[in-house]
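Trainee: I have a model open and want to learn how to read it. Where do I begin?
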Amino acid sequence: MGKNNLLNKYGTRESNLELLRIICMFWITAHHYIYYGGFSIPDDVTFNKFIALLFDIGGQIGVAGFVLISGYFMVTSEFKGKKLIRLVLDVLIYTLLFLLIFYLKDPTVIGEAKITEFIFPFANSKYWFMTHYVVLYIVSPFLNAAIKGLKQKTYLGLLVAGFVIWCLLPTFENLNPTYSRFIWFVYLYCLAGYIRLYPDRITNAKGYGAIAAVMAVFSTFMVLINKGHEFTEYNPLFFVTENKVLTLMCILPLFLAFKNLRIGKSRIINFISSSMLAVYIITDNQFLKNYIWRYEFSLFKFLDKWYFSLHVIVFLTLIMLSCVLVDKVLGFILDHSLYLLLGKPYDKVMGKISKTTDKMISGLAIKNVKKRGKL
């Protein structure tokens, strides 16, 4: 298969938000490198430690950005059972693959009681992000149906109320009585949906990139300033955790900046971005993350080097590209091997499962929309 044919299907979507998707996953991967490497908030701040802290807080910013991008596209798209099946299979295949690899290397690393946890990774939240993401995709038709049933003012009011309850109060009063990570995912989904459905001069304005950069640096200083403060003593990263104002104020301007960026359709960018979930699944694997981040490539081997920043960028870029390559090769092998082994029955079975899932989920959501008017 030629290069043009291989990349052809990735040239149908504008690449601005796909590029942001890659950047967000880079942030998440960098956070894993810093966090699992054992880095803690320093007492003596050096340039390298400041950069490490900047990468560390970028993890939650990257997660929020990834969900915003997904919500922006999914709010106007149809639910596809085939995509859901592929998401679940990807997690299961990679989990079992690394389980087998590390078991062959050292059988003692796996206890009998843990086997079921790897066979059913969603039930045990081995991948908390993927668990929430898959559930979000399952309920997306219902969210879209609810959104379409709201007038713009009601929709905006709901977002303001959600911001106060799940972001503002938890930031300044540390009140999280109804909060969960999934609720935050739903809120970000709805926020991105509003931006997609109701564009205006504010969301289409330019200059948001500079605001995002300033907020990211400011957030890092806030962590350093608040270390040891009574309010944040138990968690110096309190003000930059997932549902805090600073986190949202970092990613929202960046999201708007990339939304308004015009770089056309790049097959290369879209090709790479399509494997970003695989990058997360691979690099956050229970066995592999300890092997990579904590032992073989510990950040403490490079933290005092003058080239630390360059090392992080180059090293993580190579890790991500390696994961993309693994994902594409494994996907090609699985798709073709299953088809060769099972032939047309494979297509028929997968097609029936996909159509059944489509009807069950999308059908219920559509019926709910038809039963009521806009609020």
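Mentor: Begin with the surface. This is a predicted model. Its accessible surface comes to about 19,600 Å². Carbon and sulfur atoms hold 67% of that area.

Trainee: What share of the residues is buried?

Mentor: Of the 375 residues in the protein, 49% are buried. Buried here means under 20% relative accessible area.

Trainee: How many helices and strands does the protein have?

Mentor: There are 15 helices and 0 strands. Now look at sequence separation. Take the contacts with a separation of 6 or more: 85% of them join residues 24 or more positions apart.

Trainee: Which helices can I use to practise reading a packing contact?

Mentor: Try helix α4 (residues 81-105) and helix α13 (residues 286-296). Their axes lie 8 Å apart, at an angle of about 60°. From α4, the contact uses F98, L99, F102 and K105. From α13, it uses F287, L288 and Y291.

Trainee: How many residues of that contact are nonpolar, polar or charged?

Mentor: The contact of α4 with α13 has 6 nonpolar residues, no polar ones and 1 charged.

Trainee: Which elements have the lowest and the highest mean pLDDT?

Mentor: Helix α1 (residues 3-8) has the lowest, at 49. Helix α8 (residues 181-197) has the highest, at 94. Over residues 1-6 the pLDDT is below 50, and this stretch has 1 contact beyond near neighbours in sequence. Residues 228-233 are also below 50, with 8 such contacts in the model. Where pLDDT is low, do not read the predicted coordinates in detail.

Trainee: And what does the protein average?

Mentor: The average pLDDT is 79, and 74% of the residues score at least 70.

Key
Residues numbered from 1 in each chain as written. Predicted model: local features only at pLDDT ≥ 70, side-chain atom pairs only at ≥ 80, totals over all residues. Heavy atoms only, no water. Helix = DSSP H or I, 4+ residues; strand = E, 2+ residues; numbered from the N terminus. Buried < 20%, exposed > 50% of the residue type's maximum accessible area, 1.4 Å probe, protein only. Contact = heavy atoms within 4.5 Å. Areas by Shrake-Rupley, 256 points an atom, 1.4 Å probe, with all protein chains shown as cover. pLDDT = per-residue confidence, 0-100. Axes fitted to C-alpha atoms, helices over the stretch in contact; angles between N-to-C directions. Nonpolar A, V, L, I, M, F, W, Y, C, P; charged D, E, K, R; others polar.
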